[in-house]
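Subject: Handing over a structure

Hello,

I am passing a structure on to you, and I hope you enjoy looking through it. Please open it first and keep it beside you while you read.

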Amino acid sequence: MLAKGKAMAERIGTGTILIKEGALLPDSLRFESAPCSNGWREVKNLDGRGLDRKIREAIWIFFYLAGEVRASGFGLDREAVVSKAVRRALAKVKLDLGNSLEVTEVTAKRFLGLSYVTVSAHAPHIQEIIAFCRP
């Protein structure tokens, strides 16, 4: 279940990183996180650059899968609409087999009393560096 609407709308913004629960991560990688949605956690106090630096220090890589993820939501309650748009973006990442999501933009507008929110994001993937050795 997605975290309560208002709290989600206040927390999700440009630079927010979400990581799939159970994603394979280096043992040395330590960061604070909070539950965000079914199977996803929000990384606290780190943006994409900060997380990338920590991952590289562990000799892993943080690379971007091709393309941008965009999802929208409509409704009366802005907070619920943000939650709906984030849920839709995460569903798209699951289809691409990514293990993280970095929000690049959240655009919120109102028209005739309805909220319209678009979440734009990239789906970086965290992976151990595989070294190829010659026999």
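Below is what was found in it, from the whole chain down to single residues.

One thing to keep in mind from the start: this is a predicted model.

**The chain as a whole**

The secondary structure comes to three helices and eight strands. Reading from the N terminus, the elements follow the order α-β-β-β-α-β-β-α-β-β-β. The protein chain has 135 residues, and 42% of them count as buried. Its exposed surface is about 8,100 Å², with carbon and sulfur atoms supplying 55% of that area. If you take the contacts between residues at least 6 apart in sequence, 65% of them join residues at least 24 apart.

**The sheet**

Six of the strands form an open sheet in the order S2-S3-S1-S6-S7-S5, with antiparallel pairing. S2 and S5 are the edge strands, each pairing on one side only. From one strand to the next, the twist averages 35°.

You may like to begin at the S2 end. Strand S2 (residues 33-37) and S3 run antiparallel and are joined by four bridges. Strand S3 (residues 40-43) is also joined to strand S1 (residues 17-20), again antiparallel, by three bridges. Arg41 is a good residue to find here: in S3, Arg41 is the bridge partner of Ile19, and Arg41 is also the bridge partner of Pro35.

Pro35 itself sits in strand S2. With a relative accessible area of 53%, Pro35 passes the 50% cut-off and therefore counts as exposed. The C-alpha atom of Pro35 is separated by 8.9 Å from that of Glu21, a residue 14 places away along the chain.

The hairpin of S2 and S3 has two residues between the strands, and one of its features is Gly39, which takes a positive phi near 85°. Beside this turn, Ser37 stands opposite Trp40 in S3.

**The cores**

Which residues touch the most other members of the largest nonpolar core? They are Leu18, Val69, Val86 and Leu101, in a core of 19 residues. Strand S5 (69-75), helix H3 (78-95), strand S6 (100-111) and S7 each supply at least two residues of this core. H3 gives the most, with seven residues. There is also a second, separate core of 12 residues, and its members include Val43, Leu46, Phe62 and Ile126. As background, nonpolar side chains tend to be buried together in soluble globular proteins.

Leu18 is worth a closer look. Leaving out residues up to four places away in sequence, Leu18 touches a list of residues that includes Ile12, Cys36, Trp40, Val86, Leu90 and Leu101. Among the others that Leu18 touches are Arg41, Glu42, Asn99 and Ser100.

**A buried serine**

Is Ser120 buried or exposed? Its relative accessibility is 2%, which is under the 20% cut-off, so Ser120 counts as buried. You will find Ser120 in strand S7 (residues 114-122). The side chain of Ser120 makes a polar contact with the side chain of Arg70, at 3.2 Å. Apart from neighbours within four places in sequence, Ser120 is in contact with Glu68, Val69 and Arg70, and also with Glu102, Val103, Thr104 and Glu105. Val69 has come up already, as one of the core residues that touch the most other members.

**Two residues with positive phi**

Most residues other than glycine have a negative phi. Two residues here that are not glycine have a positive value instead: Ile59, with phi near 60°, and Leu112, with phi near 50°.

Where do these two lie? Ile59 is in the loop between helix H2 (48-57) and strand S4 (60-64), while Leu112 is in the loop between S6 and S7. Ile59 has a relative accessible area of 59%, so Ile59 is exposed. Leu112 is exposed too, because its relative accessible area is 75%.

If you would like somewhere to start, try Arg41 with its partners Ile19 and Pro35, and then move on to Ser120 and its polar contact with Arg70.

Happy exploring, and best wishes

Technical notes:
Residues numbered from 1 in each chain as written. Predicted model: local features only at pLDDT ≥ 70, side-chain atom pairs only at ≥ 80, totals over all residues. Heavy atoms only, no water. Buried < 20%, exposed > 50% of the residue type's maximum accessible area, 1.4 Å probe, protein only. Polar contact = N/O pair within 3.5 Å; in protein donor to acceptor, adjacent residues only side chain to side chain. Contact = heavy atoms within 4.5 Å. Pairing = 2+ DSSP bridges. Core = buried A, V, L, I, M, F, W, Y, C linked by side-chain atoms within 4.5 Å. Areas by Shrake-Rupley, 256 points an atom, 1.4 Å probe, with all protein chains shown as cover. Axes fitted to C-alpha atoms, helices over the stretch in contact; angles between N-to-C directions.
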